[in-house]
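Trainee: Please take a close look at one part of this model, the pairing of charged side chains, and then show how that part sits in the rest of the chain.

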Amino acid sequence: MSNIFLRDSMLRLSIPTRDAAYYIPDGNTVLLVENTLFKVHRSNLMKDGSTFDTLFSLPSEGGHSASPGAAPTVGGTVVEGESDDNPIRLQGDAADEFRALLWALYALPHELMIATTPEANPVLLFNLARITHKYQFKSILAWALGALVTFYSRSGAFDALPGPGDAGCAGGAPTLVQLTELAALCECADLLDAAVRKWREQIADGKDVALAIGMAERLSIRPLMGLAYNAMLLKGRAAWDAEPLLSREQRVRLLSGHYALSRLWEKLPLAPPALSHNVRCASPPRCGKAWAALWRDALEKGAQILPVRYVDVLGKLRVAEGIVRTVLDVELGAGAGAGTQDSGVAIAACCKEAALAATSLKLREVEEGLAEHFTDVP
């Protein structure tokens with residue numbers, strides 16, 4: 001009895017079902033996606049210079065092209081797409097994604113307008129972007145990506161994303177990894193920037209760091225890769241060994257980064273950032289010497305504040321930036337005249353803004369170049 005029940009259940013599962021919304025009675029093309037049948041108007045699928053336009057325009061064996069309004073024929077015999085029994089099979093596509101494409105092709109104006117508001121359905125837009133990229137609906141893809149950027153640029157929009165352990169997009173919101181992959185695949189800089197900002201927050205909170213390393217390496221997002229590796233480095237060797245998502249190669253890169261950043265920290269005090277002196281600076285050599293002394297002193301104080309985390313170059317530079325800013329703000333507030341040499345720090349007042357800018361630039365330079373330190377050992 002149980003075998004008969006199992007056989008009947010499998011039979012029912014294998015029989016395709018008609019889609020509730022997009023099996024259109026007067027449609028002229030039947031397509032099978034997963035186990036769902038769609039019947040639509042071929043002319044709609046041929047819009048926007050899509051791949052379907054090329055597919056449906058291929059000549060038959062008789063040497064004639066199929067007309068946009070007719071089912072494809074070979075020698076006068078109707079072939080794929082004419083009926084439920086002989087549909088066009090779209091391999092590798094998800095029914096939800098194809099349904100999203102048909103939504104865009106058949107949607108009413110007010111439905112399209114909602115998609116650009118906070119009430120938009122991000123799952124629908126995500127699926128639409130994926131499938132329009134695959135089938136080269138270029139203008140619809142651009143619209144879908146723009147709607148996703150609008151949705152995820154809102155404050156708190158990323159908070160509803162499923163966690164890394166969740167599948168994502170099976171009727172629920174896409175994961176941060178999936179959104180980042182989509183942005184990279186479609187070369188959508190605005191969406192990628194929004195996703196990377198969220199990754200930065202996650203990394204700063206110590207969340208999903210190993211996941212970020214793998215994703216950033218796979219998509220070649222080097223600034224994010226450097227931040228993720230640096231965050232994992234600061235967790236310590238015990239955390240690396242306990243992290244199941246890290247490969248042996250990634251652990252080797254962490255050791256390489258530890259050594260490289262230790263050497264960088266030793267060199268930094270002796271190499272102050274270049275200071276662009278103001279034209280009113282009375283003595284650039286004296287000003288430059290004072291700047292070098294202030295830079296060295298700020299880094300030493302930074303090391304005292306974060307003494308244990310020797311390789312936390314980024315953290316110490318941030319502390320040093322705050323020290324430089326505080327010292328120069330005090331000196332400026334003391335009433336030193338523009339173009340004069342102050343007796344304390346001895347940096348010309350007119351050069352102090354340049355000194356602050358040089359410090360911030362150095363911090364950004366180190367942060368953006370972090371990935372270069374986590375390399376494979378020859």
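Mentor: A residue is called buried when its relative accessible area is under 20%, exposed when that value is over 50%, and partly exposed in between. The model is a predicted one. By that cut-off Lys198 is buried, because its relative accessible area is 14%. Asp159 has a relative accessibility of 60%, so Asp159 counts as exposed. Lys198 and Asp159 form a salt bridge in which the closest N and O atoms are 3.6 Å apart. Lys198 belongs to helix 9 (residues 189-204) and Asp159 to the loop between helix 7 (138-152) and helix 8 (176-185), so this pair ties together parts that are 39 residues apart in sequence. As background, side chains of opposite charge can pair when their charged atoms come close.

The count of salt bridges comes to 17. Another of them joins Glu372 to Arg222, with 3.3 Å between the closest N and O atoms. Here too distant parts of the chain are linked, since Glu372 is in the segment after helix 16 (352-368) and Arg222 is in helix 11 (residues 222-235), 150 residues apart. Arg222 is partly exposed, at 36% relative accessibility.

A pair within one helix is formed by Lys362 and Glu365, whose side chains meet in a salt bridge of 3.2 Å, N to O. The two are 3 residues apart in helix 16, so about one helical turn separates Lys362 from Glu365. Lys362 is buried at 17% relative accessibility, whereas Glu365 is partly exposed at 48%. Elsewhere, Asp19, Asp96 and Arg99 are joined into one network by salt bridges that share partners.

That network leads to the sheet. Strand 1 covers residues 17-23, and helix 4 covers residues 95-106. Helix 4 lies across strand 1, strand 2 (29-33) and strand 3, and runs at about 20° to strand 3. The sheet is open, with 4 strands in the order 1-3-2-6 and mixed pairing. Its edge strands are strand 1 and strand 6 (88-89), each of which pairs on one side only. Strand 1 pairs with strand 3 (residues 36-40) in the parallel sense, over 3 bridges. Across from Tyr23 stands Lys39 in strand 3.

Now return to the helices that carry Lys198 and Arg222. Helix 9 and helix 11 have axes that come within 10 Å and cross at roughly 10°. At that angle helix 9 counts as roughly parallel to helix 11. From helix 9, the residues Val196, Trp199, Arg200 and Ile203 meet Pro223, Leu224, Leu227, Ala228 and Ala231 in helix 11.

Helix 7, which comes before the loop that holds Asp159, also contains Lys138. Lys138 is exposed, with a relative accessibility of 60%. Its C-alpha is 7.7 Å from that of Gly49, although Lys138 and Gly49 are 89 residues apart in sequence.

Around these pairs lies a good deal of nonpolar material, and its background is brief: in soluble globular proteins, nonpolar side chains tend to be buried together. The largest nonpolar core here has 106 residues, and Leu45, Phe52, Phe98 and Trp291 have the most contacts inside it. Helix 7 gives this core its largest share, 9 residues.

Trp291 gives a way back to helix 16. Leaving out residues up to four places away in sequence, Trp291 touches Pro272, Pro273, Leu275, Val324, Ile347, Ala355, Ala358 and Thr359. One of these, Leu275, is placed in the loop between helix 13 (248-267) and helix 14 (284-305). Leu275 is buried, at 13% relative accessibility. Beyond its neighbours within four places in sequence, Leu275 is in contact with Cys287, Trp291, Cys351, Ala354 and Ala355. Between Leu275 and Lys352 there are 9.4 Å in space, C-alpha to C-alpha, and 77 residues in sequence.

As for the chain as a whole, it has 16 helices and 6 strands. Of its 378 residues, 43% are buried. Among contacts between residues at least 6 apart in sequence, 59% join residues at least 24 apart.

Notes
Residues are numbered from 1 along each chain as its sequence is written. This is a predicted model: local features need pLDDT of at least 70, side-chain atom pairs count only at pLDDT 80 or more; totals for chains, interfaces and linings use all residues. Side-chain values use heavy atoms; hydrogens and water are left out. Two strands pair if DSSP finds at least two bridges between them. Contact means heavy atoms within 4.5 Å. Axes are lines fitted to C-alpha atoms, for helices over the stretch in contact, and angles run from 0 to 180 degrees between N-to-C directions. A salt bridge is a side-chain nitrogen of Lys or Arg within 4 Å of a carboxyl oxygen of Asp or Glu. Buried means under 20% relative accessible area, exposed over 50%, partly exposed in between (1.4 Å probe, protein chains only). A nonpolar core is a set of buried Ala, Val, Leu, Ile, Met, Phe, Trp, Tyr and Cys residues joined through side-chain atoms within 4.5 Å. Angles under 35 degrees count as roughly parallel, over 145 as roughly antiparallel, 65 to 115 as roughly perpendicular and the rest as oblique.
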